Amino acid sequence: MQKAASVYQRKIQALEQRFLSTYRLTGKNAFSHVFDDAQALRTPALTVLVRENKALHARIGFIIKRKQISRAVQRNRARRLTKEAFRQSDVKKLGIDIVVIINQRALKFSNAELTNQVQSLWKKCLAKYSK
């Protein structure tokens, strides 16, 4: 009986750690809403545009220009690292919409350095938008 309970608990934990579609910013209207009146936070590799929303959780969207980062592997690496840092942070509990603009300088940073930059941005968001 204990084994079945532990398997069930592991499945629950796995579901809690997923990046759910409710955390995604999709569609032109959602992005336009953020662009209309956003606060910008910057690091050398990223620009984050933040705007409060009416939801009880944060939503995140990505902009990575193909002309700046031509290889899909590199674009996906930057997106994956940013998304993972978002998933692990408490920012997702805030009622904000976030657009992450990843620029060409992100290629120069290692995974750890890029993750540190993203985490520093999330700390700034927490400080500014926590109630």
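Start by selecting Asn-53: at 16% relative accessibility it counts as buried, because the cut-off for that label is under 20%. Keep in mind as you click around that this is a predicted model.

**Stop 1: around Asn-53**

Asn-53 sits in the loop between β2 and β3. Show its side chain and look for two polar partners. One is the backbone nitrogen of Ala-55, which the Asn-53 side chain reaches at 3.1 Å. The other is the side chain of Asp-97, joined to that of Asn-53 by a polar contact of 2.6 Å. Now bring up the surroundings: leaving out residues up to four places away in sequence, Asn-53 touches Arg-59, Gly-95, Ile-96 and Asp-97.

**Stop 2: strand β4**

From Asp-97, move on to β4, residues 96-102. How many of its seven residues are buried? Six are, so colour this strand as mostly covered.

Next, add the strands that pair with β4. β2 pairs with β4 in the antiparallel sense, over seven bridges. To see one of those pairings, pick Leu-46 and find its bridge partner in β4, Ile-102. β3, in contrast, runs parallel to β4, and six bridges join the two. Here you can select Phe-62 with its bridge partner Val-100, then Gly-61, which stands opposite Val-99.

While you have these strands on screen, a reminder about how to read them: in a regular strand the side chains alternate between the two faces of the sheet.

**Stop 3: helix α3**

Switch on α3, residues 72-88. Together, β3, α3 and β4 make a β-α-β unit, and a left-handed one, so turn the view and trace the path for yourself.

Try the distance tool on the ends of the helix. The 17 residues of α3 should span 24 Å at 1.5 Å a residue, and the end C-alpha atoms are indeed 24 Å apart, so the two values agree.

Which residues of α3 are buried? Select Arg-75, Arg-77, Ala-78, Leu-81, Thr-82, Ala-85, Phe-86 and Arg-87. What covers them includes β2, β3, β4 and α4.

Zoom in on one of these, Ala-78, which is buried with a relative accessible area of 2%. Apart from neighbours within four places in sequence, Ala-78 is in contact with Ile-102 and Leu-114. You can also draw a line from the C-alpha of Ala-78 to that of Thr-115: these residues are 37 apart along the chain, yet the two atoms are separated by 9.1 Å.

**Stop 4: the nonpolar cores**

In soluble globular proteins, nonpolar side chains tend to be buried together. To look at that here, select Val-48, Phe-86, Ile-96, Ile-98, Val-100, Ile-102 and Trp-122, which touch the most other members of the 28-residue largest nonpolar core. β2, β3, α3, β4 and α4 each supply at least two residues of this core. Which element gives the largest share? That is α4, with six residues.

Centre on Trp-122 next. Setting aside neighbours within four places in sequence, its contacts are Val-48, Ile-60, Thr-82, Ala-85, Phe-86, Ser-89, Val-91, Ile-98 and Val-100.

For the last selection, go to a second, separate core of six residues. Among its members are Ala-30, Val-34, Leu-49 and Val-99. You have already met Val-99, opposite Gly-61.

Terms used. Residues numbered from 1 in each chain as written. Predicted model: local features only at pLDDT ≥ 70, side-chain atom pairs only at ≥ 80, totals over all residues. Heavy atoms only, no water. Helix = DSSP H or I, 4+ residues; strand = E, 2+ residues; numbered from the N terminus. Expected span 1.5 Å × (residues − 1). Buried < 20%, exposed > 50% of the residue type's maximum accessible area, 1.4 Å probe, protein only. Contact = heavy atoms within 4.5 Å. Polar contact = N/O pair within 3.5 Å; in protein donor to acceptor, adjacent residues only side chain to side chain. Pairing = 2+ DSSP bridges. Core = buried A, V, L, I, M, F, W, Y, C linked by side-chain atoms within 4.5 Å.
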